[in-house]
Structure formats: structure tokens, C-alpha cells
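Here is a short tour of a protein model, written for someone who likes to keep the structure open alongside the text. Please rotate as you read.

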Amino acid sequence: CNVGIINGLSGWMSSLDDAPADTITRRFRYDVALVSALKDLEEDIMEGLRDSELDDSVCTSGFSVMIKESCDGMGDVSEKHGGGPPVPEKAVRFSFTVMSVTLVTDDKEGEVTIFTEPKPNSELSCKPLCLTFVDESDHETLTAILAPIVAERNAMKESRLILSIGGLPRSFRFHFRGTGYDEKMVREMEGLEASGSTYVCTLCDTTRSEASKNMVLHSITRNHEENLERYEIWRKNPYSESVDELRDRVKGVSAKPFMETQPTLDALHCDIGNATEFYKIFQDEIGEVYTKVNPSREERRSWRTALDKQLRKTLRLKPVMRMNGNYARRLMTQEAAEAVCELVPTEERREALRELMRLYLQMKPVWRATCPAKECPDQLCRYSFNSQRFADLLSSTFKYRYNGKITNYLHKTLAHVPEIIER
């Protein structure tokens, strides 16, 4: 896999189509891309210095730049009418966002923030670094392509960049935070087993059955260094244990962690995962599963049909093959819960469903917000209380669904959100 370093300014004078036809990846050199991004922010940085009343000529060193890194697969990018070179049908994009620029001054205490990205989650502030025709599940090719990025990043962590901003050479340090990954990519980068594993969480060591018994009380324990140590134990098996004992010792780390990620929760997939869960609860409540032993497929199908029909009638919500973000947002509303309640036979169960949705809607803004402490401080304060109530409801009224199993995102939603935000 020939991954050279490409001149970061390529594509300015000439068009990007100069790449030979069999190229599977194009990337910018990381440092050149960062220079380019900072040059784009030159005016904002100068304005920030003026606003903070910092004398421009004094501020030449001590700039700190926080970089958020993101990487995701891009699904089907096949050519619709053929004729191009034979490349994989999927693509992966690695990109970064300049989150903030701060300045450590001698006279003022601590750091002064010169620039903050107003829309850090917008695709407009997200700069692509590497575009690759590769399936994100193809671990070998992906690591071969991203390895040089990791190497460049490690080199930059230790060094300073001197760049002319506002006519004076200034010195920048970079801090990288890998927070723009979904769970699938985090598991791949950190050497964890895939998402169907007994080890349900990328943030703590709990197993699926433990997480379903104790839904709320977990703290974030996994980190990159520990994952590396555990991989070494997995590789060497120093205590000559059986596979099961060994796997329990390393808590599902069975590949070499490749890139450091920070503990986060991917809000979109969290919404989708939880909406899928609610959709199933709705079906079960319509069919009163809590009274039955094991209903047939036909019965289940009829409940699903009834649910789809009701949602289409009351909310004009068309059924979808796979849950998507838009469907999830419309399903997770109080009016959807009311529509479902019309089909639920007993008042007691209706009340429980309404309460479940009410608690969920209290919790949701917290992991949806860009800056929860500013945007929804009240919900953030009440989060632990709400999640505890939510978990109590699940383990009492809805315990038929959570006997020894829980979904990955529901576990994270209930157990980890406040700590992620605090970090």
C-alpha cells in the first residue's frame, strides 16, 4: 500500500484529478494542513488578541491549539454508471477541527482564549486530511493508510510550529483529541472486540449482563495506555491461562490499539440506538409481552404492523427498513408515546410508557448539546437523578426486556454521560 506524503498545497494550482487512476488515497501532510487551517483563522486570531487587549508585539509564543480529530466510514460511494478504476465501494474520511486557540500570558493568570470555534460540530468547520477508498472494517488497509498520520501527529506533539500571523512569527503548540469517532471506529482503533461483544462498553470494563443489572453506577476506566498494556498481556499470556480466563483478564482487548481516542458518546448513534430500543418496547407493550412466555413470530409481526400503522396515521411517520436519525428524532417525542398509548390496553402500562418517554426527553438535550453546561445546565444537574429513575423503571416495569441484556448505547446513556461532559 503506497502511501506517500503529498504536498499539502497540491490541488491549488492544478486540479485534484491529476491523481493517477489507481490511487486509493489522497492525503495532506498533517503539519501543512494545520498551517493552512491556522492561516485561514489569521483574522480571527488577530481580532481575539485585540479583544483581550493583549499587546500584539508581545504575544509571539505560548499559543496553544486544540484539535479535534474525526474519522468515519462513508458508506456506499460506488460510481453509479461504471467506467472508473476498480476501487472499493466504500470510503473513509479522516478530518480535524480547530476547536480553540489559547494564549498563556506571563502577566495574566492562566490562559486567555483567543479563538473558539462557534460551531464545532458543523461539517463546515471540519477540514479533511485524508480521503481513502477503503472499507472501515478492513482493519489492515485502514491502519496502513492511517499509520503515517499517527506518526506525524506524534512528531508534532513534541514540537512547536512557528508561523507568521499578523506579520509576526508566532509559536504554536498542538493538542490532539480524538473525539470524532463512532463506537465502531473507537473499537477498531482501540483494539476492542466488535460491538456485539460481551464487553458492552468502550469506556468501562462492564459486561453486558452486569450492565443490565447495575444500569447506572459505572465510571470511565478504559484508556489508551491500559488498552496497550492489556494487548501485551493478551499477546504473551504471562499467566498461561485458558482463552476464557485470558479474555476476562484483558476485558475484550484482543487487537493492538492503534490510535488514541478520548471518551465520548456519539450523539447521533446514541439517538438511533435508543430509538430502536423504544420502538421494540412499543411493540412489546402493544402485545403485552410481560404476560406471555414466548410469543410467536406471527404475533410479533402483527404488533409491529399495528405500531407502524398507528405511527403513520397519527404522526405521518412512514416505516423504515433501518432506523435513521430523522425517524429517531420523530419517534422520540411525547406525541409518539401518546399515539402508542392508544394501543396499549391497561392504564398502568400507559402511565409507565409516558413516564419513560418524559425522563428520556429530559436526558436527551444533555448529550445532544454542543456545550451542555451552558445550554441546558438544569437538565445536566438533574441527569443522574433522571437516569436513576429511568433505570428503575426499566428494571421493574420493563424487566422482561432487560433480563441479562442491555444495548451498548443505552448503557452509555444511563451510566456515562455526566462523566464524559465533566471530562
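Is Thr-207 buried or exposed? In this predicted model, Thr-207 is buried, because its relative accessible area is 15% and a residue counts as buried under 20%.

**Two threonines in one loop**

Thr-207 sits in the loop that runs between helix 4 and helix 5. Thr-202 is found in the loop between helix 4 (183-189) and helix 5 (208-213). Thr-202 counts as buried as well, with a relative accessibility of 10%.

What does each threonine touch? Setting aside neighbours within four places in sequence, Thr-207 is in contact with Thr-198, Tyr-199 and Val-200. With those close neighbours again left out, the contacts of Thr-202 are Glu-183, Val-186, Arg-187, Leu-192, Arg-222 and Lys-412. Have a look at Lys-412 in that list: its side chain makes a polar contact with the side chain of Thr-202, at 2.9 Å.

For a sense of distance across the chain, try Thr-207 and Leu-410. These two residues are 203 residues apart in sequence, while their C-alpha atoms are 13 Å apart in space.

**Cysteines**

How many disulfides does the structure hold? It holds zero. Cys-371 is in no disulfide, and the nearest cysteine sulfur, that of Cys-376, lies 9.0 Å away. The cut-off for a disulfide is a pair of cysteine sulfur atoms within 2.5 Å, so this pair does not qualify. Cys-371 is partly exposed, with a relative accessible area of 28%. Cys-341, by comparison, is buried at 2%.

Here are the accessibility values for the residues discussed above.

| Residue | Relative accessible area | Class |
|---|---|---|
| Thr-202 | 10% | buried |
| Thr-207 | 15% | buried |
| Cys-341 | 2% | buried |
| Cys-371 | 28% | partly exposed |

**The whole protein**

Now zoom out. The protein has 423 residues, of which 45% count as buried, and its secondary structure comes to 16 helices and seven strands. Along the principal axes, the C-alpha trace spans about 75 × 55 × 50 Å.

Taking contacts between residues at least 6 apart in sequence, 69% join residues at least 24 apart. The protein exposes about 22100 Å², and carbon and sulfur atoms supply 51% of that area. As for charge, there are 58 positive and 67 negative charges, and the mean positions of the two sets are 6 Å apart.

Conventions. Residues are numbered from 1 along each chain as its sequence is written. This is a predicted model: local features need pLDDT of at least 70, side-chain atom pairs count only at pLDDT 80 or more; totals for chains, interfaces and linings use all residues. Side-chain values use heavy atoms; hydrogens and water are left out. Helices (H or I, at least four residues) and strands (E, at least two) are DSSP runs, numbered from the N terminus. Buried means under 20% relative accessible area, exposed over 50%, partly exposed in between (1.4 Å probe, protein chains only). A polar contact is a pair of N or O atoms within 3.5 Å; within protein, one must be able to donate a hydrogen and the other to accept it, and residues adjacent in sequence count only if both atoms are side-chain atoms. Contact means heavy atoms within 4.5 Å. Accessible areas come from the Shrake-Rupley method with a 1.4 Å probe; for residues, only the protein chains shown count as cover. Lys and Arg count as positive and Asp and Glu as negative; His and the chain ends are not counted. The place of a charge is taken as NZ of Lys, CZ of Arg, CG of Asp or CD of Glu.
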